[in-house]
Amino acid sequence: MKQKAPQISPNKLYASLLKKKNEIEQQQKIVKSPIIQGSPFINTQKNSTGQVKIDSKKQRPSSGKDLKDISTVLLKKTHVRQNSKIIETKENSQNLTQSALQLLQKIKADRPDNKIGQIQTSKEILQYHQQLIQKQYQKLLDLSKQTENHQLQQQQQQQQQQQQKQKLFKGPRSISNPDITTLQLCISKAHAKSIPGMLYTGQTKTNQDSYKLIQKFGTKENDWYLQVSDGHGTNGHQVAQFVQEILPAYIEQEVVQSPYYYDRDKTITNIFKQSFQQTNEDLLNSGIDVTYSGATTVVVIAFENILYCANIGDSRAIIGRYDTKLSVIELSKDHKPDCFLEQARIIQRGGRVQAYSDEEGNPIGPARVWKSDEDVPGLAMSRSFGDYVASLVGVISEPEIIKHQLLPTDKFLVVASDGIWEFLSNEWVIETVYEYYKKGDCIGACNKLVQAAKEAWQMEDEVIDDITVIVAFLK
């Protein structure tokens with residue numbers, strides 16, 4: 001007779017299944033017990049220590065079929081696979097929350113803006129502010145040092161520029177060493193001669209030319225001043241004499257007083273312009289009648305190996321250069337009324353430019369300056385001292401200035417009134433003077449030029465103009 005299988009109570013069966021479940025979880029190394037959310041069979045609660053507790057008394061299965069269903073569910077681990085998610089316990093959630101709060105507090109505490117919040121006493125606050133002030137003060141010190149260094153660099157650059165400018169006036173340098181002066185050219189000797197002209201009646205006229213020749217002009221031994229003035233009109237001789245006395249004094253005074261060594265070109269230019277203007281103003285207030293009288297003037301200043309020429313009118317200065325052959329270097333330009341710029345200025349100021357004309361209207365002689373509505377003054381130059389009427393229609397006393405750097409091939413200098421230049425060409429003059437230059441005869445050169453000019457006037461005209469010339473040899 002077969003024995004009946006012993007009946008197991010539902011409670012024991014449930015306990016046995018639960019034990020089997022725990023063994024399976026330990027084998028799979030599952031540390032935390034996941035709980036099936038919303039299970040109809042298992043109710044979870046926390047005990048006094050915060051651990052999860054399963055209440056097995058609620059909703060227990062009432063039949064064997066129910067127990068079998070429960071066993072199947074537990075064995076298949078549907079509580080960990082459902083929706084592929086692991087459900088965290090309340091305890092784990094609290095731990096994570098506490099860890100996050102601690103991390104946020106640490107980050108906030110490490111921020112620089114919150115450093116001040118860590119200072120708890122007045123002493124610490126004072127120290128903190130002192131450190132801030134010290135940092136700002138150090139920054140100011142560094143900035144001040146940078147500014148001082150920048151200013152020092154600028155001063156050094158300015159000093160270097162000034163030294164370079166000073167070197168410009170020490171004469172030519174050698175290629176190998178530009179600081180060593182290898183050449184000093186200057187005027188070695190000079191001579192001047194002036195003779196009066198002759199009227200158409202054959203009588204000797206009053207000499208309206210004047211000249212000025214000064215060695216050691218200013219303060220240096222090798223500095224020279226050369227000037228030729230040519231008067232015209234009734235009182236032309238008085239005007240020329242006035243200019244001969246006043247103009248050199250103004251120029252020399254300014255040259256001595258002015259610190260021109262750093263910018264000599266600009267300084268000398270200003271000295272010339274101011275001195276010419278002041279001389280003309282003094283002439284107009286001198287009591288000399290300059291209504292139709294005036295004078296042309298050419299000035300050459302030699303500062304060792306540099307020449308500056310200032311000119312108004314038709315007196316002229318040239319250099320004779322010999323470099324395999326003779327050539328002319330012009331230091332001045334004649335100011336004739338029919339020169340484009342000169343004529344434009346005269347017309348703009350209400351004058352006209354026209355030569356004398358014969359009965360048929362053909363031009364005779366050079367172009368002259370006239371008032372637009374009158375046949376006066378008839379001046380044959382566009383720049384001069386005096387000449388009050390002509391000055392109303394564009395004739396000026398402002399000089400044209402030319403600078404020349406002497407070269408070893410420059411041999412001599414000729415400054416003369418138009419009594420020389422009227423019939424003698426520049427080329428003929430330098431060829432003649434060069435023969436006397438080779439002999440070192442400066443006086444002979446002057447005599448030859450004056451004599452040749454006089455003979456040319458006698459051959460070409462019924463009168464002879466005043467003749468004045470300065471010849472200077474260079475070395």
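Me: How much of this protein is buried?
Reply: Buried residues account for 36% of the 475 residues in the protein. Keep in mind that this is a predicted model. As for secondary structure, the protein has twelve helices and 16 strands.

Me: And how many of the contacts join residues at least 24 apart?
Reply: Take the contacts between residues at least 6 apart in sequence: 63% of them join residues at least 24 apart. Lys403 gives you a case to look at. Its place is in strand 14 (residues 400–405), and its C-alpha atom is 9.9 Å from that of Ile268, though the two are 135 residues apart along the chain.

Me: What does Lys403 touch, leaving aside its neighbours within four places?
Reply: Lys403 is in contact with Asp265, Ile306, Leu307 and Tyr308. With a relative accessible area of 40%, Lys403 is partly exposed.

Me: Let's try Ser210. Is it buried or exposed?
Reply: Ser210 has a relative accessible area of 6%, so it counts as buried; the cut-off for buried is under 20%. You'll find Ser210 in strand 4 (residues 209–215). Not counting residues up to four places away in sequence, Ser210 touches Gln227, Val228, Ser229, Ala240, Gln241 and Gln244. From Ser210 to Ile195 the C-alpha distance is 9.8 Å, with their positions 15 residues apart in sequence.

Me: On to helices. How do I read the packing of helix 6 and helix 7?
Reply: Two packed helices are described by how far apart their axes are and by the angle between those axes. Here, helix 6 (residues 236–257) and helix 7 (residues 264–284) have axes that come within 9 Å and cross at roughly 140°. The crossing is right-handed.

Me: Which residues make that contact?
Reply: From helix 6, they include Val239, Phe242, Ile246 and Tyr250, and from helix 7, Ile268, Phe272, Phe276 and Leu283 are among them. Sorted by class, the contact has 13 nonpolar, three polar and two charged residues.

Me: What about aromatic pairs: how many are there in the whole structure?
Reply: A search finds ten. A pair of rings is described by the distance of the centres and the angle of the planes. Try Tyr322 and Tyr434: their centres are 5.1 Å apart with 10° between the planes, and the pair is stacked.

Me: Why does the pair of Tyr322 and Tyr434 tie together parts that are apart in sequence?
Reply: Because Tyr322 lies in strand 8 (residues 316–322) and Tyr434 in helix 11 (residues 426–439), the pair joins parts that are 112 residues apart in sequence. Tyr322 is partly exposed at 33% relative accessible area, whereas Tyr434 counts as buried at 14%.

Me: With which other residue does Tyr434 form a stacked pair?
Reply: With Tyr437: the distance is 6.1 Å centre to centre, with 20° between the planes. Both Tyr434 and Tyr437 lie in helix 11, three residues apart, which is about one turn of the helix. Tyr437 is partly exposed, at 21% relative accessible area. Zoom out a bit and you'll see ring pairs linking Tyr322, Phe412, Tyr434, Tyr437 and Phe473 into a cluster.

Me: Last one: where does the charged end of Arg264 sit?
Reply: It sits over the ring of Phe303, 4.8 Å from the ring's centre. You can look for a lysine case too: Lys439 lies over the face of Tyr436, at 4.6 Å from the ring centre.

Technical notes. Residues are numbered from 1 along each chain as its sequence is written. This is a predicted model: local features need pLDDT of at least 70, side-chain atom pairs count only at pLDDT 80 or more; totals for chains, interfaces and linings use all residues. Side-chain values use heavy atoms; hydrogens and water are left out. Axes are lines fitted to C-alpha atoms, for helices over the stretch in contact, and angles run from 0 to 180 degrees between N-to-C directions. Helices (H or I, at least four residues) and strands (E, at least two) are DSSP runs, numbered from the N terminus. A crossing is left-handed if the near helix is turned anticlockwise from the far one by less than a right angle, and right-handed if clockwise. Contact means heavy atoms within 4.5 Å. Ala, Val, Leu, Ile, Met, Phe, Trp, Tyr, Cys and Pro count as nonpolar, Asp, Glu, Lys and Arg as charged, and the others, Gly among them, as polar. Rings of Phe, Tyr and Trp (its six-membered ring) pair if their centres lie within 6.5 Å; planes under 30 degrees apart count as stacked, over 60 as edge-to-face and the rest as tilted. Buried means under 20% relative accessible area, exposed over 50%, partly exposed in between (1.4 Å probe, protein chains only). A charge sits over a ring if NZ of Lys or CZ of Arg is within 6 Å of the ring centre and within 35 degrees of the ring normal.
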